[in-house]
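Open the model in your viewer and keep the sequence panel in sight. We will go from stop to stop, selecting a little at a time.

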Amino acid sequence: MSAALFMVSLVVPDMDDAIAHYTRDWGFALAQDSRHSSGHRWVEIDPGSGARLRLVEARSDTDQAVIGNQAGNTVAFFLRIADFHQTIDRWSKTPIKLLEAPRDEAYGRVAVVADAYGNRWDIFDKAYKATA
């Protein structure tokens, strides 16, 4: 079977605030903002390559409960960036929080950040190499 993960859903408290956060603060691109046939707003954020983030506005208490905790107490998202130090420095002036300072590991340079909602992200230098 040939398959490729191309999108993941991310529950947010407010769609317009989330669009601003991921485009302005993170530097991602707004790839789509339309109405789905179900009537819901369909928003896709493109980090640059790989899977897109599909933003989903919380509509229930259950949805609200997962905001910032989409993967439990673990890292939810993994991002590889080319200009590691410059990007981490730029993000320090935004609502993105540095949770773990950059460090060198066998697989490359990594830092842990949290988005404005508390979701944890591992940020890797472009030289990241998967290890077994």
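Select G27 to begin. This glycine comes just after helix α1. Its phi is positive, at about 85°. Keep in mind that you are looking at a predicted model.

**Helix α1**

Now step back along the chain and select residues 15–25, which form α1. Which residues of this helix are buried? Colour M15, A18, I19, H21, Y22 and D25, and you have them. Look at the spacing as you go. An α-helix has 3.6 residues a turn, so residues three or four places apart point the same way.

What covers those buried residues? Show the strands β1 (7–12), β2 (29–35), β3 (41–46) and β4 (52–57), which are part of the cover. Then add helix α3 (84–91) and strand β9 (120–125), which belong to the cover too.

Next, zoom in on the N-terminal end of α1. D14 caps the helix here. Draw a distance from a side-chain oxygen of D14 to the backbone nitrogen of D16, and you should get 3.2 Å.

**Strand β9 and beyond**

Move on to D125, which sits in strand β9. Which residues does D125 touch, leaving aside neighbours within four places in sequence? Select R80, I81, F84 and R109 to see these contacts. Then pick V110. It is 15 residues from D125 in sequence, but the two C-alpha atoms are 6.4 Å apart.

Go a little further, to A127, in the segment after β9. Is A127 buried or exposed? It counts as partly exposed, because its relative accessibility is 43%. Add Y107 to the selection. A127 and Y107 are 20 residues apart in sequence and 8.3 Å apart in space, C-alpha to C-alpha.

**The whole chain**

Now zoom out and switch to cartoon view. Count 3 helices and 9 strands. From the N terminus, the order is β-α-β-β-β-α-β-β-α-β-β-β. The radius of gyration is 15 Å, close to the 14 Å that the globule rule gives for 132 residues, so the chain is as compact as a globular protein of that length. Its C-alpha trace spans about 45 × 40 × 25 Å along the principal axes.

Colour by burial next. Buried residues make up 35% of the 132. Switch to a surface. The chain exposes about 7800 Å², and carbon and sulfur atoms supply 50% of that.

Last, select the charges: 15 positive and 18 negative. Their mean positions lie 4 Å apart.

How values were computed
Residues numbered from 1 in each chain as written. Predicted model: local features only at pLDDT ≥ 70, side-chain atom pairs only at ≥ 80, totals over all residues. Heavy atoms only, no water. Buried < 20%, exposed > 50% of the residue type's maximum accessible area, 1.4 Å probe, protein only. Helix = DSSP H or I, 4+ residues; strand = E, 2+ residues; numbered from the N terminus. Contact = heavy atoms within 4.5 Å. Polar contact = N/O pair within 3.5 Å; in protein donor to acceptor, adjacent residues only side chain to side chain. Rg over C-alpha atoms; globule rule 2.2 N^0.38 Å. Areas by Shrake-Rupley, 256 points an atom, 1.4 Å probe, with all protein chains shown as cover. Lys, Arg positive; Asp, Glu negative; His and termini not counted. Charge placed at Lys NZ, Arg CZ, Asp CG, Glu CD.
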